[in-house]
Amino acid sequence: MINSDLIFKIDNIRLDADIKDKLEALKYVSKVAKEAQLTDDEEETLKGLLQRENEFSTGLGDSIAIPHTKWKSIKEAGVIIIKPKIPIEWNALDGQPVSIIIALLTPYDNSGNVHLKLLASLSRSLIDESFKKKIIETDKKEEIFNLVKEALTAFNN
């Protein structure tokens, strides 16, 4: 069971991030992870994100990327959402730039399969065109928070 109160906090949402490319975005995710106390080691967390990204692009298409990692430097599972000021190139499946980044971070031991549960819950929600449209178009932190929290909670039921 996912405890969305612990995994996703409104402070883990960053809007209008001044990032220019995928590498800067992943560095920024690692920085936010450290600020949120999900990790003690930004560089190691970045390594985990880059390793996963090198296996296969996490740019889903439709302006969305879901970088994720299960890595030894991550102490607590967490969701971080970043909206860059301008869409950035991500090598997405549809070849289009990304305007929302939903990062999933889980400890390497991954007890309870949290990594897969997080991916599944968000993937199911992202199939819903209404959800996708709302999360991409809104510029309100509270609205993004409520949408994602609902997606994580819905998966538990």
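Let me begin with a single residue, Asp16, which is exposed, with a relative accessible area of 54%. I should say at once that what we are looking at is a predicted model, so please hear every value in this talk as one computed from that model. Asp16 has its place in strand E1, and although Asp16 is not a glycine, its phi is positive, at about 55°. As background, most residues other than glycine have a negative phi.

There is a second residue to set beside it, and that is Ser63, where phi is near 75°, again a positive value in a residue other than glycine. Ser63 is found in the loop between strand E2, residues 59-61, and strand E3, residues 64-65. Is Ser63 buried, exposed or partly exposed? With a relative accessible area of 24%, Ser63 counts as partly exposed, since buried would require a value under 20% and exposed a value over 50%.

Let me now step back to the whole chain. The secondary structure comes to 6 helices and 6 strands, and if we read from the N terminus on, the elements run α-β-α-α-β-β-β-β-β-α-α-α. The chain has 157 residues, for which a compact globule would have a radius of gyration near 15 Å, and the 14 Å found for this chain agrees with that. Taken along the principal axes, the C-alpha atoms fill a box of roughly 35 × 35 × 25 Å.

How much of the chain counts as buried? Of the 157 residues, 48% do. The chain exposes about 8,100 Å², and carbon and sulfur atoms supply 50% of that area. As for the charges, there are 22 positive and 26 negative ones, and their mean positions are 2 Å apart. When we look at contacts between residues at least 6 apart in sequence, 71% of them join residues at least 24 apart.

One such link across the sequence involves aromatic rings, and the structure holds 1 aromatic pair. The rings of Phe8 and Phe145 have their centres 5.2 Å apart and their planes at 25°, so the pair is stacked, given that planes under 30 degrees apart count as stacked. The pair links distant parts of the chain, with Phe8 in the loop between helix H1 (4-7) and strand E1 (13-17), and Phe145 in helix H6, residues 141-156, the two being 137 residues apart. Both Phe8 and Phe145 are buried.

I would like to turn next to Pro84, which brings us back to our starting residue. Pro84 has its place in strand E5, residues 78-84, and it is buried, with a relative accessible area of 8%. Which residues does Pro84 touch, not counting those up to four places away in sequence? They are Asp16, Ala17, Ile19, Val98, Ser99, Ile100 and Ile101, so that the exposed Asp16 is one of the residues in contact with the buried Pro84. Pro84 and Lys20 are 64 residues apart in sequence, while their C-alpha atoms are 8.0 Å apart in space.

Two residues of helix H3, which covers residues 42-55, can be taken together. Leu46 lies in this helix and counts as buried at 14% relative accessibility, whereas Asn54, also in helix H3, is exposed, with a relative accessible area of 67%. Leaving out residues up to four places away in sequence, Leu46 touches Leu26, Lys27 and Ser30. The C-alpha atoms of Leu46 and Arg14 are separated by 18 Å, with their positions 32 residues apart along the chain. For Asn54 and Asp18, which are 36 residues apart in sequence, the C-alpha to C-alpha distance is 23 Å.

My last residue is Lys132, found in helix H5, residues 129-137. Is this lysine buried or exposed? At 8% relative accessibility, Lys132 counts as buried. Apart from its neighbours within four places in sequence, Lys132 is in contact with Asp62, Ile64 and Leu126.

To close, the points I would ask you to keep in view are the positive phi values of Asp16 and Ser63, and the stacked pair of Phe8 and Phe145.

Key:
Residues are numbered from 1 along each chain as its sequence is written. This is a predicted model: local features need pLDDT of at least 70, side-chain atom pairs count only at pLDDT 80 or more; totals for chains, interfaces and linings use all residues. Side-chain values use heavy atoms; hydrogens and water are left out. Helices (H or I, at least four residues) and strands (E, at least two) are DSSP runs, numbered from the N terminus. The radius of gyration is taken over C-alpha atoms; the globule rule is 2.2 Å times the number of residues to the power 0.38. Buried means under 20% relative accessible area, exposed over 50%, partly exposed in between (1.4 Å probe, protein chains only). Contact means heavy atoms within 4.5 Å. Accessible areas come from the Shrake-Rupley method with a 1.4 Å probe; for residues, only the protein chains shown count as cover. Lys and Arg count as positive and Asp and Glu as negative; His and the chain ends are not counted. The place of a charge is taken as NZ of Lys, CZ of Arg, CG of Asp or CD of Glu. Rings of Phe, Tyr and Trp (its six-membered ring) pair if their centres lie within 6.5 Å; planes under 30 degrees apart count as stacked, over 60 as edge-to-face and the rest as tilted.
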